[in-house]
Every structure is written in structure tokens, then in C-alpha cells.
Amino acid sequence: MKYTYKRNNNYYFRFRLTLSMKQFFNQNDFFSKSLKTSNLANANKYAKILLHKINYIKQSIKMKIDSVEILKMIEDLANTTFEETEKDLYNIDKVEDTTFALKLEDTIKSYKNAYSEQNYTLVQEEAKNILKSLNLAHSESSFNEICKLLLQSHIENLKTISSKIDNGDYYKVKPVVVPPSVVLTPPIPKEKVVEEKNISVEEAYNKFEAYFEEQEKWSKDTKDGNIKYFSFFCKIVGKNKNVKTLKMIDFINYHNKLALEKHNNILLSLRTKNKYITLSNKFLKYLRKYEFIEKEIYLDRIKIDGKELLLTKKETYSIEELEKWYKYALNEAIKEEKWIILLALFNGLSISEIVRMEKKNVFIQDDIWCIEVELTEEKDTKNFHRIRTIPLHKALIELGFLEFVNGFESGNLFEIDNKSFSRKMTNVNRKYISTNKKRTFHRLRANFIDTLIQNSVQVEHIISLVGHSQEYKMGFDSYSNKINVSVLAIALEKINYKFE
């Protein structure tokens with residue numbers, strides 16, 4: 001991860017602050033914090049937690065949230081601790097916010113996967129130490145059996161810890177021991193505070209809907225989509241539930257039920273499920289902003305693993321239709337549209353990634369011309385896994401893309417925005433390319449991925465080229481380093497459509 005670095009066998013987190021953030025960080029250029037680990041996998045997990053908090057602070061500044069609240073968030077960021085064991089959880093308020101608790105679900109999942117795949121790497125050393133301490137000889141089968149029992153034991157223990165966190169069993173205030181000579185005076189009764197009226201989930205949603213319908217000028221389709229989402233949300237959580245009593249466990253339950261939800265006996269598509277998750281996070285962000293809930297809750301998008309990626313067949317263009325796109329770009333499109341089409345075709349970039357590209361995002365690295373997809377305050381990506389540096393396809397260089405880039409002194413390369421370009425390409429698509437409504441411009445990205453797969457490119461190389469997005473989420477959080485651009489350049493050579 002680009003936000004971590006190692007010094008004296010310890011990993012640190014470092015984030016360059018935006019101009020608007022500096023005023024709240026004593027005009028510092030960077031926020032830095034020790035991650036207190038020498039393990040890269042743990043460092044990356046801790047860095048994700050810090051980055052998520054920073055992005056929340058950044059969005060709060062953009063939304064002009066009260067300065068006092070922002071300073072509280074920064075204090076929380078600075079005081080983030082990284083607990084390693086269960087014993088560290090005792091006498092901690094808000095245990096569910098600790099690093100141990102936040103990564104607990106992933107830890108349980110990793111042990112379950114290891115158990116089902118009979119992969120004993122996680123417990124091999126532990127098993128060896130047990131056998132060594134008992135001075136026991138063992139066969140391979142008996143060693144594997146011990147490993148299996150250890151994995152099973154860890155899974156059950158971690159489940160118990162998870163249950164204890166949900167029940168609030170760790171935060172136990174130590175009793176005050178009063179010496180016999182000390183007489184405690186009874187506390188002065190405080191004036192009774194009139195509690196605010198309880199607000200149901202349904203009432204809170206109505207406020208949310210009224211706010212965004214006015215702010216974003218919702219169309220009928222948008223409103224209907226939100227109502228459909230909220231109906232399902234209420235079916236799981238309950239519309240009459242007091243919104244102030246909502247807990248993370250309610251949303252985990254909702255998340256799990258959503259993953260299995262069916263319509264006409266067919267599982268909802270991944271796109272629909274993740275649209276519901278996006279709407280949930282928008283609702284949760286609203287609830288936190290207006291203090292309907294006490295702390296931030298965020299739901300991860302539903303993921304598919306590498307095998308599912310290879311088996312999932314998205315609607316793609318035929319080679320003849322790809323050639324039509326290519327010829328339209330060269331012969332019909334205006335200059336900036338030409339390069340957007342070709343960047344999608346040969347580099348697999350999405351429209352949103354292309355239209356925000358600046359001249360500084362095209363540069364030489366390791367003697368290879370590269371493109372950078374970056375994250376700034378103005379260029380907020382769907383998630384930070386999409387941030388990447390990838391080689392520029394040789395076909396683009398041969399067609400004159402670098403001359404196009406050099407025509408700008410600095411700043412943005414494209415004036416058109418995402419929506420305007422998408423709208424225009426829909427018309428072009430139907431007129432010149434395909435009448436199949438499922439073959440949208442974005443499906444060029446599916447063609448790019450499919451071509452790499454069909455040419456036996458390693459899946460981790462594909463992920464690095466297209467962005468480690470939630471849509472193609474895989475188990476590569478433990479990369480030792482990002483894949484070198486020279487390796488990716490070799491993979492990119494497989495994109496050879498052989499147009500006439």
C-alpha cells in the first residue's frame with residue numbers, strides 16, 4: 001500500500017494532507033503514525049482503518065461540518081490504537097471500534113478458509129511448538145490432524161470473542177476500594193434531563209428522503225429505487241425500531257441477508273446488491289451527520305473471489321463490434337472523445353477514471369510510459385484500491401496519445417464530464433455499434449478483462465491493471481508489494497485485437 005513505509009523494522013502510515021485539511025492539522029503537510037507492527041499484512045489492514053477515518057474527516061470538511069466535531073474526529077484518528085490480543089480489550093470503552101474488533105471478521109474468515117482448504121500454514125508453528133514441548137514423535141497425518149484441531153479451536157474462540165464484543169462483556173468498570181476511614185458522601189442529585197423523543201427508522205428515513213429529494217432533485221426512478229431499497233432494509237431491521245438503538249450487528253445481519261436475497265427465485269445480481277449497500281452507506285452517513293446515531297457505521301460492498309471472477313461472464317462486444325468502436329474513434333469522434341474510447345479499449349480504464357485525468361498523470365516510470373489513477377479531494381475514487389499506476393498501451397503511443405497530452409501545459413486533459421460522455425456514447429453505440437442494450441460503453445472494460453483471461457494472464461496482474469475494485473475483490477490484501485509496471489507491461493501486450 002502506498003501509504004505505508006518501513007523504518008527500523010516497524011511500519012508507519014503516512015498521508016499527504018490536502019490544502020483544506022492542513023488548517024485542522026496545524027498546517028502540517030503530512031499525517032504520520034506508527035502502526036506498531038513489523039508484519040506487512042497487518043500494516044496494510046491498520047492503514048486501511050486510518051485511511052477510512054481520514055477520508056471521513058476529508059468529506060466532513062468538504063461538507064462544512066462544525067470545526068469542533070472535525071477536531072474530535074482528528075483526536076480520534078490520532079488516538080487510534082492497534083490491539084493485538086483479547087486481553088487488550090478489557091476495560092476499553094467502545095471495544096467495537098478497536099483494531100482487534102474491526103479485523104475480527106476477516107480473521108475468522110481466514111481461519112475458516114484455511115480449515116476448508118486444509119491449508120495449515122496459519123497454525124503450523126503453533127503445532128510444532130506443542131509437539132516439541134511434549135517431546136512427541138509424529139507422522140504427517142497426525143501433524144495435520146493437530147493443525148486441523150487448532151484451526152477449529154481458533155475459530156470457536158474467535159466466535160466467542162465476537163459474541164462477547166456484541167454483548168459488551170469486555171468493558172467492566174473496576175470497583176472502587178474505599179478505606180474504612182473514608183466516608184462517602186451521597187452524590188448530589190442532578191437535575192433530570194428531558195430525553196429527546198425517540199425517532200423510528202421509518203421517521204429517520206422520511207427525513208433523509210425529504211432532504212436528498214430536495215438537494216439532488218431526485219427523479220421518479222431514483223425515488224422508487226430508494227423506496228425499494230428501504231423496504232428491504234425495514235424487512236430485516238424493522239421500520240419501528242428506535243434509530244438511536246441501531247448497532248453494527250443490525251447492519252451485519254442486513255448485509256448477510258442481502259447477499260442471499262432472491263427475486264423470482266433468482267439471486268439478486270452483484271450490481272443490485274452493491275447498489276443497496278451504497279444507498280445504505282448514504283443513509284448511515286446522513287444519520288451520523290445529524291446525530292441520529294452516535295458513531296459512524298460503514299458497510300463493505302459484497303465481494304466475489306478470484307474463481308467467481310473467472311467464471312462470471314459479463315456481456316461483451318464481439319471482435320467486429322470492437323473494431324467498429326476503434327474505427328469510430330479514429331474516423332468519426334472529436335479529439336477528446338477519440339482518446340477516451342481508445343483508453344477504455346486498450347487500457348481498460350472506466351470513463352470516470354479517464355475524464356479526470358491530468359497531464360501530470362502521464363509520465364515515464366522504469367523507462368515505461370505510464371498512466372496514474374490517483375485519489376485527491378477533487379478526484380474521489382469509488383475506493384482507494386482503484387488508485388494505481390499502470391503502463392500505457394503501445395497502440396496508444398503509436399496513435400499519437402503522447403502528442404495529444406503534450407498539447408497541454410498542465411491541468412485536465414478532457415473537458416467533458418462522465419455523464420455527458422456516457423449519454424453521447426449511448427447514442428453512438430445504438431447507431432454505429434450494437435442494438436443490444438446490455439452492451440454499454442462500460443462493457444469495453446469487460447472485454448479488456450475477458451481478453452486478458454483468455455490469454456492466460458495471471459489474475460493478480462489483471463486486478464492490478466483494472467484496479468483492485470470491490471467489483472473484482474480478491475484475496476490479495478497481503479501483497480508484499482504492488483506489481484512492477486514492467487511486469488504489467490508484458491501482461492498488457494496480450495491486448496492485441498488485430499483490427500484490419
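1. Accessible areas come from the Shrake-Rupley method with a 1.4 Å probe. With that in hand, here is a first look at the chain, which is a predicted model. About 29,400 Å² is exposed, and carbon and sulfur atoms supply 50% of that area. Of the 500 residues in the chain, 44% are buried.

2. Next, the overall make-up. You can find 21 helices and 8 strands here. Take the contacts between residues at least 6 apart in sequence: 66% of them join residues at least 24 apart.

3. Now look at the start of the chain. Strands β1, β2 and β3 form an open sheet in that order, with antiparallel pairing. At the edges are β1 (4–7) and β3 (30–34), each of which pairs on one side only. From one strand to the next, the twist averages 30°. Helix α2 (residues 40–62) packs on this sheet and touches β1, β2 and β3, and its direction makes about 25° with that of β2.

4. It is worth zooming in on one pairing in this sheet. Strand β2 (residues 10–16) and β3 run antiparallel and are joined by 5 bridges. To see one of the partnerships, find arginine 16: its bridge partner in β3 is phenylalanine 30.

5. Further along there is an open sheet of 3 strands in the order β6-β7-β8, again a case of antiparallel pairing. Why does one side of β6 and of β8 lack a neighbour in the sheet? Strands β6 (362–365) and β8 (388–391) stand at the edges and each has a single partner strand, so one side of each is left free of a neighbour. Neighbouring strands here are turned by 40° against each other on average, direction ignored. Between β6 and β7 (residues 368–373), which run antiparallel, there are 4 bridges. Here phenylalanine 363 stands opposite cysteine 370 in β7.

6. On to the interior. The largest nonpolar core has 54 residues, and Leu343, Phe346 and Phe401 touch the most other members. Helix α14 (residues 335–347) gives the largest share of this core, 8 residues. Another core lies apart from it, with 30 residues, including Trp218 and Phe251. Back in the 54-residue core, try selecting phenylalanine 346 in your viewer. Leaving aside residues up to four places away in sequence, phenylalanine 346 touches several residues, among them Tyr326, His393, Phe448 and Phe499.

7. Finally, the charged pairs: the count comes to 11 salt bridges. Lysine 128 forms one with glutamate 125, with the closest N and O atoms 3.7 Å apart. Both lie in helix α6 (residues 124–134), 3 residues apart, about one turn of the helix. Lysine 128 counts as partly exposed because its relative accessibility is 43%, while glutamate 125 counts as exposed at 51%.

8. Glutamate 214 pairs with lysine 217 in a salt bridge whose closest N and O atoms are 3.4 Å apart. Glutamate 214 is partly exposed at 49% relative accessible area, whereas lysine 217 is exposed at 59%.

9. One salt bridge to find for yourself joins lysine 424 and glutamate 337, whose closest N and O atoms are 2.8 Å apart. This pair links distant parts of the chain, with lysine 424 in helix α18 (residues 418–433) and glutamate 337 in helix α14, 87 residues apart. Is glutamate 337 buried or exposed? Glutamate 337 is buried, because its relative accessible area is 2% and buried means under 20%. Lysine 424 is partly exposed at 35%.

Definitions and conventions
Residues are numbered from 1 along each chain as its sequence is written. This is a predicted model: local features need pLDDT of at least 70, side-chain atom pairs count only at pLDDT 80 or more; totals for chains, interfaces and linings use all residues. Side-chain values use heavy atoms; hydrogens and water are left out. Two strands pair if DSSP finds at least two bridges between them. Helices (H or I, at least four residues) and strands (E, at least two) are DSSP runs, numbered from the N terminus. Axes are lines fitted to C-alpha atoms, for helices over the stretch in contact, and angles run from 0 to 180 degrees between N-to-C directions. Contact means heavy atoms within 4.5 Å. Buried means under 20% relative accessible area, exposed over 50%, partly exposed in between (1.4 Å probe, protein chains only). A nonpolar core is a set of buried Ala, Val, Leu, Ile, Met, Phe, Trp, Tyr and Cys residues joined through side-chain atoms within 4.5 Å. A salt bridge is a side-chain nitrogen of Lys or Arg within 4 Å of a carboxyl oxygen of Asp or Glu.
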